[in-house]
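Subject: Handing over the structure, with notes on what was found

Dear colleague,

I am passing on the structure that we spoke about, and I would be glad if you could open it before you read the notes below. Please keep the view in front of you as you go through them.

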Amino acid sequence: MSSKKTDAPRESQLAGTQTPDKANTNAKLQSLENFRADATGEALRTNQGVKIADNQNSLKAGARGPSLLEDFIMREKITHFDHERIPERIVHARGTGAHGYFQSYGDHAALTKAGFLRDPEAITPVFVRFSTVQGPRGSGDTVRDVRGFAVKFYTDEGNFDLVGNNMPVFFIQDAIKFPDFVHAVKPEPHNEIPTGGSAHDTFWDFVSLVPESAHMVIWAMSDRAIPRSLRMMEGFGVHTFRLINAEGVASFVKFHWKPAQGVHSVLWDEAQKLAGKDTDYHRRDLWEAIETGDYPEWELGVQIVPEADEHKFDFDLLDPTKIIPEELVPVTPLGKMVLNRNPDNFFAEVEQIAFCPGHIVPGIDFSNDPLLQGRLFSYTDTQISRLGGPNFHEIPINRPVAPNHNGQRDALHRMTIDKGRASYEPNSIDGGWPKETAPAAEDGGFESHQERIDATKIRQRSESFSDHFSQARLFFQSMSENEQQHIIKAYSFELGKVEREHIRIREVNEILANIDLKLAAAVAANLGLPAPKKGTVQVKGSSLAKSPALSQMNLPGSVGIKGRKIALLVADGVDGADVDRLVKALEAQAARPLLLGPSSAPVKTADGKALPVDASMEGMPSVMVDGILVPAGKASLQALAGSGLAKHYLLEGYKHLKAIGVAKDGKALLDSLGLKEDAGLLVGDDQKVIDAFVKAVEGHRVWAREAAAEAIPA
Ligand code: HDD
């Protein structure tokens, strides 16, 4: 939702690196991808390689007779089909992904010995999977939810998985609470409602009883939970990790992904409508961007804390419900990631990819964050039931590009045929191979960071994890006025769906009142509850009054309007030359003009030519575009003024704060709708209007209009 641009270092850094072309960047992975099958020119065969002569008819005793059991071709086909589904992920079931590469900006030797962060020439293949958390595989893309942001780096030293989210904190502090949290947020067990959302009793029951969730819940009630695009989200590793250099010196780090596309969200009304009108909105957006060569880019950065400074903060670095404000420790850029190749097969790649935070390489290590420690176990474990056994690392999308010889040869679905007789180490039969590698930097054997532990075995939460509200308050108070209003509305909407009043009251009095009394009072008013006068606990407050980096309004916006979809509303009698002028102006900006008519049939221009349209206004509703233009042409404008579809299009675009540019003669159309010109509602036929329109689209939404737009029906 940002409009401001800053001279962030990442822009200059991104511009400074060479962008290798698509063919070269994926050459390494593709040269190892001999498992991709192309059937072009090939005969249809059974799985056993027998050519099939008839794929239309089963084998029967006579044309009208019963089918015969000996029809091995039909049996094989149906058996395979009967088993084509695998269990979906317990969480993050709905997702999409893409291939790309990572390139380091330089040699970060002082920080880490990890090879992919040491060599700026190295192109490391990556696969990224983005996801929602709550909904099943077929649920909507734009529901209010956290987004998963999981990256697999296929490095020369083994796979490194950075399994993060688009929010920098988490709901709970200890992995032992994860099943409880997930059971609460998932659809309710008796009726499996709601699909893809948290607006229900069990979720709010849990979070109102578990104050450590307060910080993450306010992020989930913010605009971050309804991103405009997967390309326009920040990503976070969440936990504190360690980077280790060749001398064995460790630094604590928090990983960040900063998108070159800006950080933007949709409005809640848009999100809800999109969930029905284009369930695949985010999936489609990512796919189309990559297909059209508009490759999304992120910068990987880290906040670095020397080990000696571990205890210098007013929160615990091991507590995953806390951020390190960027004002205290800025993000140091390390390299960039570009996504430039769509999968060939969704199931084989997106569905079968298996991430695990425990997949690390020499130069990276864990911290004692108890949430991270539990995750190290859970992910490998879940793949065993989801992907059918412990050999899931042999599925093509999960295979490292580094060799992986060891004694683990058996188990279900083993693909590799290991030669040699010794599946144990040490051995003298196979010459001792495969052998251990020394941990010295040049040898590359993995060595855990040597941390001194002298402790009592105990089930206890550290006292340093007990402040649950200071950073939630910092988050709310760092938001712009528009963003604060969105948060208030989100809590009001969600709690309004909660049937049990005692849960609503507890959330307002025992959670929101401890975050911010203005927030609590506004939500209480919307629920018909008394405003709490004070919180229930003493909140010490953050050392910062505000963290500007938390507000999307302050983050670097998009640069230009590349790839943004702009609707041109046309009907019979439209001025063909004006359409041409607008299309050319948009194409000059690398935006995507889309001609939308009353139906999918071509419209007739004023000079009698047939003008094909890209879609009907119904087929590509306003929620699917970023801006709207109405070209000149008296008859066309008149037809639009008489069309409920066109009027709704403009009203809805206005309500959703989108840029709208209307030809001079269209002023009457706007008047009839009661819409007044503003910084993003422009009337005229000249270049000035186009320039202002482009600027408004670049700003993403016309935020100053938000109060006026309240009066427009949804
Ligand atoms: Fe998790 C999937 C992110 C805590 C257990 N998680 C999963 C995915 C993402 C995250 C992005 C989807 C990966 C993909 O696309 O395949 N999870 C997080 C983050 C967390 C977190 C950022 C906190 C900082 N997760 C977490 C805990 C546990 C799990 C505490 C268990 C103790 N997560 C899982 C899982 C999943 C998973 C059940 C489901 C499917 C899978 O792993 O492969 O094992």
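In these notes a residue is called buried when its relative accessible area is under 20%, and Phe206, at 11%, is therefore buried. Please bear in mind throughout that this is a predicted model.

Phe206 is a good place to begin, since Phe181 and Phe206 form a tilted aromatic pair, with 6.2 Å from centre to centre and 55° between the planes of the rings. This pair links distant parts of the chain, as Phe181 belongs to helix H5 (residues 178–185) and Phe206 to helix H6 (residues 201–209), 25 residues apart. Phe181 is buried too, its relative accessible area being 2%.

How many aromatic pairs does a search of the whole structure find? The search gives 25, and another of them is made by Phe102 and Phe116, which meet edge-to-face at 5.7 Å centre to centre, with 65° between the planes. Because Phe102 lies in strand S1 (residues 95–104) while Phe116 lies in the loop between S1 and strand S2 (124–132), the pair ties together parts that are 14 residues apart in sequence. Both rings belong to buried residues, for Phe102 has a relative accessible area of 0% and Phe116 one of 4%. Phe102 and Phe116 are also members of a cluster linked by ring pairs, which further includes Phe130, Phe149, Phe153, Phe160, Phe241, Phe255, Trp257 and Trp298.

Aromatic rings also appear beside charged side chains in two places that you may wish to look up. Arg144 lies over the face of Trp268, at 4.9 Å from the ring centre, and Lys152 lies over the face of Phe355, at 5.3 Å from the ring centre.

The last item concerns two helices. Two packed helices are described by the angle between their axes and by the distance between those axes. For helix H12 (residues 470–477) and helix H13 (residues 481–496), the axes come within 9 Å and cross at roughly 125°, so that H12 and H13 are oblique to each other. On the side of H12 the contact is made by Phe475, Phe476 and Gln477, and on the side of H13 by Gln484, Ile487 and Ile488. Of the residues in this contact of H12 with H13, four are nonpolar and two are polar, while none is charged.

With best wishes

Methods
Residues numbered from 1 in each chain as written. Predicted model: local features only at pLDDT ≥ 70, side-chain atom pairs only at ≥ 80, totals over all residues. Heavy atoms only, no water. Phe/Tyr/Trp six-rings, centres within 6.5 Å; stacked < 30°, edge-to-face > 60°. Helix = DSSP H or I, 4+ residues; strand = E, 2+ residues; numbered from the N terminus. Buried < 20%, exposed > 50% of the residue type's maximum accessible area, 1.4 Å probe, protein only. Lys NZ or Arg CZ within 6 Å of the ring centre and 35° of its normal. Axes fitted to C-alpha atoms, helices over the stretch in contact; angles between N-to-C directions. Parallel < 35°, antiparallel > 145°, perpendicular 65-115°, else oblique. Contact = heavy atoms within 4.5 Å. Nonpolar A, V, L, I, M, F, W, Y, C, P; charged D, E, K, R; others polar.
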